[in-house]
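Colleague: I've got the model loaded and a few things I'd like to run past you. Mind if we start with an annotated stretch?

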Amino acid sequence: MLENYFPILLFIVVGLLVGVLPMMLGRFLGPNRPDPEKLSPYECGFEAFEDARMRFDVRYYLVAILFILFDLEVAFMIPWAVTLRDELGLFGLGAMAVFLGILTIGFVYEWKKGALQWD
């Protein structure tokens, strides 16, 4: 019974070694010569002028979520377009039309609410 789980255990061990071993080699074998220039904060060529924990405007997150939403839409459309004629047929076309219609309604709603405008 336990021999069935050996490949899974081996996969986990190899994955941990591939992830941890290079970090440990870099930590122990790499040079460690810190100086004030290397330890100073760097932001776009000049010293940081605000706290790193400053608050972002909510609209930034709304635009990021919209980007992810439409990026996933394209990721769903590519395999759909490849298999449309051979496997999906008219049902697949209708399903994608409903999907795109719902996303378009959401996009228009966000646009009308002003989520895409920067003041």
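Colleague: How far apart are the end C-alpha atoms of residues 60-82?

Modeller: Bear in mind that this is a predicted model, where local features need pLDDT of at least 70, side-chain atom pairs count only at pLDDT 80 or more, and totals for chains, interfaces and linings use all residues. Residues are numbered from 1 along each chain as its sequence is written, and side-chain values use heavy atoms, with hydrogens and water left out. The span is 100% helix and 0% strand, where helices (H or I, at least four residues) and strands (E, at least two) are DSSP runs numbered from the N terminus. For residues 60-82, the distance between the end C-alpha atoms is 34 Å.

Colleague: Which residues does the UniProt "transmembrane region" annotation cover?

Modeller: The record is an unreviewed entry, and such annotations, given in the numbering used here with shortened feature names, may be inferred rather than shown by experiment. UniProt lists residues 6-29, 60-82 and 88-109.

Colleague: What does α3 span between its end C-alpha atoms?

Modeller: A straight helix of 56 residues would span 82 Å, taking 1.5 Å times one less than the number of residues. But α3 bends by about 130° at L88, the bend being the angle between axes fitted to the seven residues ending there and the seven starting there. Its end-to-end value is only 13 Å.

Colleague: And where does α1 bend?

Modeller: α1 has 24 residues and reaches 33 Å, close to the expected 34 Å. Still, there's a bend of about 30°, with P22 following within four residues, and the bend sits at V20.

Colleague: E73 caught my eye. Which side chain of opposite charge is nearest to E73?

Modeller: E73 sits in α3 (residues 58-113) and is buried, meaning under 20% relative accessible area with a 1.4 Å probe, protein chains only (exposed is over 50%, partly exposed in between). Beyond four places in sequence, E73 touches F99, L100 and L103, with contact meaning heavy atoms within 4.5 Å. It has no salt bridge, that is, no side-chain nitrogen of Lys or Arg within 4 Å of a carboxyl oxygen of Asp or Glu. Counting Lys and Arg as positive and Asp and Glu as negative, with His and the chain ends not counted, the nearest opposite charge, 18 Å away, is K112.

Colleague: How far away is the nearest side chain of opposite charge for E110?

Modeller: E110 is in α3 too, and outside its four-place neighbourhood it contacts L66, A115 and L116. E110 is also buried without a salt bridge. The nearest opposite charge is K113, at 8.7 Å.
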